[in-house]
Amino acid sequence: NTLSSEYKGVIELPETWKGCRIVGENGKTLPVQLENGKLPTAVSLKGTSFSVIRREEKVEVYQPLPKNELILENSFIRYEFSETGKLISAVDKESGREFISAPANVLSVYHDRSNCFDAWDIDIFYMQEKNADLTGEFSGSFSGPVRSGLKFTFHYGKSTVHQLITLTPQSRRLDFETSVSWHESHRMLR
């Protein structure tokens with residue numbers, strides 16, 4: 001960890017470690033789960049430090065349980081999503097407080113008509129030329145000891161956006177892994 005602050009999060013292990021028991025420096029077994037051929041594990045590192053992780057004997061790797069609910073939840077927070085991929089509720093469990101007043105995770109497409117240059121010239125008036133909000137399709141969810149997640153797919157014209165949204169057991173933070181295959185001209189996704 002090259003940062004001065006502590007890192008608590010998920011790292012991806014090499015594929016060759018699949019099926020092995022993963023052990024941290026303190027000798028404790030780290031939670032691991034298999035996700036689409038990837039092998040994530042949860043780690044905690046103090047600031048400006050490193051840790052050695054070893055693989056040991058073969059064991060059965062945890063297969064995340066498929067779910068069909070649109071909720072990501074741990075002991076700290078509860079997030080709820082719509083079938084179309086919008087975040088519609090975020091409640092802190094300690095305070096009972098709702099944190100969003102309008103839907104979040106809204107992907108919008110705008111007309112991209114620049115005055116001078118065709119690329120990378122975003123004019124101030126672009127927000128007045130909103131074309132559409134993308135509507136996602138729920139494509140699955142899972143829950144495991146490392147993290148729980150939801151998958152959405154969005155389409156616009158010939159373009160596709162895949163989104164994996166995850167929550168770890170020890171964090172209030174949602175992580176968004178978004179991959180975009182964009183095949184549109186004079187359209188900006190935001």
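# A walk through the strands

Start by selecting glutamate 73: it stands opposite arginine 78 in β7. Keep in mind that this is a predicted model, where local features need pLDDT of at least 70 and side-chain atom pairs count only at pLDDT 80 or more, while totals for chains, interfaces and linings use all residues. To find your way, count residues from 1 along each chain as its sequence is written, and note that side-chain values use heavy atoms, with hydrogens and water left out.

**Stop 1: a three-strand sheet**

Colour residues 77-81 next, and you have strand β7, which runs antiparallel to β6 and is joined to it by three bridges. (Strands are DSSP runs of E, at least two residues long, numbered from the N terminus; two of them pair if DSSP finds at least two bridges between them.) Now add β8, and you get an open sheet in the order β6-β7-β8, paired antiparallel. Its edges are β6 (71-73) and β8 (87-92), each of which pairs on one side only. What holds such strands side by side? Strands of a sheet pair through backbone hydrogen bonds.

Zoom out for a moment. The whole protein has 15 strands and zero helices (a helix here would be a DSSP run of H or I, at least four residues). Its C-alpha trace spans about 60 × 40 × 35 Å along the principal axes. Of the 190 residues, 38% are buried, where buried means under 20% relative accessible area, exposed over 50% and partly exposed in between (1.4 Å probe, protein chains only).

**Stop 2: arginine 172 and its two partners**

Go to the end of β8 and show the side chains of aspartate 92 and arginine 172, which form a salt bridge with 3.1 Å from N to O. Aspartate 92 belongs to strand β8 and arginine 172 to the loop between β13 (159-167) and β14 (174-181), so this contact ties together parts that are 80 residues apart in sequence. (A salt bridge needs a side-chain nitrogen of Lys or Arg within 4 Å of a carboxyl oxygen of Asp or Glu.)

Is aspartate 92 buried or exposed? Aspartate 92 is buried, at 9% relative accessible area, whereas arginine 172 is partly exposed at 34%.

Leave arginine 172 on screen and add glutamate 94: these two also form a salt bridge, with their closest N and O atoms 3.1 Å apart. Here the link runs from the loop between β13 and β14 to the loop between β8 and β9 (108-111), across 78 residues. Glutamate 94 is exposed, with 66% relative accessible area.

**Stop 3: arginine 147 and a network**

Select arginine 147 and glutamate 177, another salt bridge, at 3.4 Å from N to O. Arginine 147 sits in the loop between β11 (136-143) and β12 (148-156), and glutamate 177 sits in strand β14, 30 residues apart. Arginine 147 is buried at 9% relative accessible area, while glutamate 177, at 38%, is partly exposed. For a group rather than a pair, pick Arg21, Arg54, Glu56 and Glu57, joined into one network by salt bridges that share partners. How many salt bridges are there in the whole structure? The search finds 11.

**Stop 4: empty spaces**

Show Leu30, Ala42, Val43, Ser44 and Leu45: among the 15 residues lining the largest pocket, these lie nearest its centre. That pocket has a volume of about 350 Å³. Which strand gives the largest share of the lining? That is β3, with four residues; β1 (7-13) and β3 (39-45) each supply at least two.

Then select the residues around the largest cavity, including His111, Asp112, Tyr126 and Glu129. This cavity has a volume of about 50 Å³, and its lining has three nonpolar, two polar and five charged residues. (Ala, Val, Leu, Ile, Met, Phe, Trp, Tyr, Cys and Pro count as nonpolar, Asp, Glu, Lys and Arg as charged, and the others, Gly among them, as polar.)

How are these spaces found? On a 1 Å grid over the protein atoms alone, a cavity is a set of points where a 1.4 Å probe fits but cannot get out, and a pocket is an open set with protein on both sides within 12 Å along at least five of seven lines; lining residues have an atom within 4 Å of a point. Points are joined across faces, edges and corners, and a volume is the space filled by probe spheres set on them.

**Last stop: two backbone oddities**

Finish at threonine 48, in the loop between β3 and β4 (54-58). Its phi is near 45°, a positive value in a residue other than glycine. Threonine 48 is exposed, at 61% relative accessible area. Then jump to histidine 186, in the loop between β14 and β15 (187-189), where phi is also positive, about 55°. Histidine 186 is partly exposed, at 42%.
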